[in-house]
Amino acid sequence: MDSVDRYRFALLGLSPEEARARSSCAARTTSANTKWNKADVTLYDPSVLGSAPSKALKALVRQGIPDDLRPDLWLLFSGGLAKKKAAPPGHYALLLRKAAQCASGAVDAASLGAELSRAFGTHPFLSTSKGVRTVMRILEAHLLHGGADAGVPRGMACIAAFLLAVLGPGREEDAFWTFAGLLENRVPASCVLENTKGAGVEQRVLQALMAKRFPKIVAQLEKADTSVEEVTRSWFSSLFCTALPAETAVRIWDVLFLEGPKILFRTALALFKMNESAILGTKLSVQVARCVSWRIARCYDPEALFKVAFSGIGSLSMAAIKRARADYEGVVLEQMAEHRRRLEDLLSSPKLADGHHASGDSPTSSASEQGSPVHLSTIYEDYEDDEEASHPTTKSFFSTFLRPLQAVKGF
């Protein structure tokens with residue numbers, strides 16, 4: 001039995017059923033590859049106004065892009081190829097030189113190395129100093145390219161690293177342009193620019209969808225004092241690449257690059273639907289979140305996942321999702337503003353000025369972040385943080401987070 005997958009991520013302890021599902025999926029993908037010989041993918045160019053993928057191309061991509069075509073098609077579908085052609089010659093090299101001259105250090109090497117170690121600790125390239133430096137170059141170049149003045153949000157480093165693993169270290173510049181196209185064209189900013197104080201925008205939209213379609217699951221999570229956000233904290237911020245097996249995640253990314261972010265919601269809903277009986281049957285409430293994480297980390301059959309995602313959850317209006325996202329962005333911005341006001345009040349307090357801190361008054365303790373989710377080498381287990389301290393509205397999750405959706409038709 002293989003110990004690593006085609007992208008050199010570890011395959012740990014596959015059961016016979018999981019091994020059969022993986023082999024069957026690989027065989028179906030291989031048989032579908034012959035259809036790509038007749039496909040003219042140049043008929044779709046996202047950089048051309050009004051260009052849209054045909055139904056035939058969508059169907060083909062949902063069956064899986066062949067490994068040898070995936071790097072070029074991801075670059076094309078993301079819009080990264082158009083960005084590369086429009087940029088001055090040697091633009092990426094110039095960005096790297098500028099990054100090397102910056103004394104501020106926009107990306108902290110130690111923090112990045114720790115994050116990649118947690119997420120991809122067994123990968124033979126991403127776990128090395130050379131791999132960390134390559135990911136750092138992509139991130140620093142992107143910060144300069146986009147004119148960003150902030151650091152790297154949680155999950156963004158894992159996205160860049162996963163791109164490198166799939167495209168290959170020898171295609172670093174293409175990984176950069178694909179990364180730029182993905183973040184700028186294919187996913188909403190709220191996916192990767194995650195609010196670290198409480199649930200992110202995408203999780204709140206998902207919570208609303210879950211409340212309507214799977215109320216029993218939401219009730220079970222509430223009974224376990226667990227929110228949808230706690231279970232899905234890495235799903236959107238890393239675009240599933242740290243939650244699912246790599247060979248399943250690339251299939252989701254195939255569709256994401258072509259069709260856009262609705263696949264993220266379809267995937268999330270499908271994962272809950274596929275594991276509904278296990279969630280409802282979990283006896284110990286503290287094990288609910290861990291049960292979900294463990295089960296989806298062993299989802300080696302993307303065909304079964306796609307069958308549920310596209311045929312088993314009903315219609316999913318992107319227009320309704322956008323309306324809900326706009327409402328929740330307002331909620332998140334207000335939450336962040338309130339947190340900023342409290343932090344400013346704390347920093348200006350007489351006690352802090354005198355150098356005396358009351359217990360719990362440290363701004364770093366209230367603003368501490370969770371560690372990044374891990375990949376298949378270990379299962380994310382950091383569920384012991386005080387959610388109520390960092391997010392006081394947890395106990396009234398429905399009344400607070402679903403209120404903006406009351407005026408949104410379609411939910």
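A helix crossing is called left-handed if the near helix is turned anticlockwise from the far one by less than a right angle, and right-handed if it is turned clockwise. Keep that in mind for helices H7 and H8, since H7 passes H8 in a right-handed crossing. What you're looking at is a predicted model, where local features need pLDDT of at least 70 and side-chain atom pairs count only at pLDDT 80 or more, while totals for chains, interfaces and linings use all residues. Residues are numbered from 1 along each chain as its sequence is written, and side-chain values use heavy atoms, with hydrogens and water left out.

Let's start with the whole protein. The secondary structure comes to 23 helices and zero strands. Both are DSSP runs numbered from the N terminus: helices are H or I with at least four residues, strands are E with at least two. Of the 411 residues, 50% are buried. Here, buried means under 20% relative accessible area, exposed means over 50%, and partly exposed is in between, using a 1.4 Å probe and protein chains only. The accessible surface is about 18900 Å², and carbon and sulfur atoms hold 54% of that. These areas come from the Shrake-Rupley method with a 1.4 Å probe, and for residues only the protein chains shown count as cover. Now for contacts, meaning heavy atoms within 4.5 Å. Among contacts with a separation of 6 or more, 78% are between residues 24 or more positions apart.

Back to our pair of helices. Two packed helices are described by the angle between their axes and the distance between the axes. H7 covers residues 129-145 and H8 covers 156-167; their axes come within 9 Å and cross at roughly 115°. The axes are lines fitted to C-alpha atoms, for helices over the stretch in contact, and angles run from 0 to 180 degrees between N-to-C directions. On the H7 side, the contact is made by Thr-134, Val-135, Ile-138 and Leu-139, and on the H8 side by Met-156, Ala-157, Ala-160, Ala-161 and Leu-164. Sort those by class and you get eight nonpolar, one polar and no charged residues. For that sorting, Ala, Val, Leu, Ile, Met, Phe, Trp, Tyr, Cys and Pro count as nonpolar, Asp, Glu, Lys and Arg as charged, and the others, Gly among them, as polar.

H7 has another residue to look at, His-142. His-142 counts as buried because its relative accessible area is 11%. Leaving out residues up to four places away in sequence, His-142 touches Phe-176, Phe-179, Ala-180, Leu-183 and Glu-184.

Next, find helix H17, residues 288-296, where Val-288, Ala-289, Cys-291, Val-292, Ser-293 and Ile-296 are buried. What covers these residues includes helices H12 (215-223), H13 (228-232), H15 (262-274) and H16 (276-280).

Just past H17, Asp-301 sits in the loop between H17 and helix H18 (302-311). Asp-301 has 21% relative accessibility, so it counts as partly exposed. Ala-21, which lies in helix H1, is 280 residues from Asp-301 in sequence, yet their C-alpha atoms are 5.5 Å apart. Cys-25 is 276 residues from Asp-301 in sequence and 6.2 Å away, again C-alpha to C-alpha. Not counting neighbours within four places in sequence, Asp-301 is in contact with Ala-21, Cys-25, Arg-28 and Thr-248. Counted in that way, Ala-21 is in contact with Tyr-300 and Asp-301.

Now follow the loop between H1 (16-36) and H2 (55-62), which holds Ser-51. Ser-51 is partly exposed, because its relative accessible area is 25%. Beyond its neighbours within four places, Ser-51 is in contact with Leu-43, Tyr-44 and Asp-45. Its side chain reaches the backbone nitrogen of Asp-45 at 3.1 Å. Val-48 lies in the loop between H1 and H2 too, and it is partly exposed at 44% relative accessible area. Val-48 and Ala-82 are 34 residues apart in sequence and 9.3 Å apart in space, C-alpha to C-alpha.

Last stop: a bit of backbone. Most residues other than glycine have a negative phi, and most peptide bonds are trans. Leu-239, though, has a positive phi near 55°, and Phe-240 has a positive phi of about 75°. Leu-239 lies in the loop between H13 and helix H14 (246-259), and Phe-240 lies in the loop between H13 and H14 as well. Are they buried or exposed? Leu-239 is buried, with a relative accessible area of 0%, and Phe-240 counts as buried at 0% relative accessibility.

Technical notes
Polar contact = N/O pair within 3.5 Å; in protein donor to acceptor, adjacent residues only side chain to side chain.
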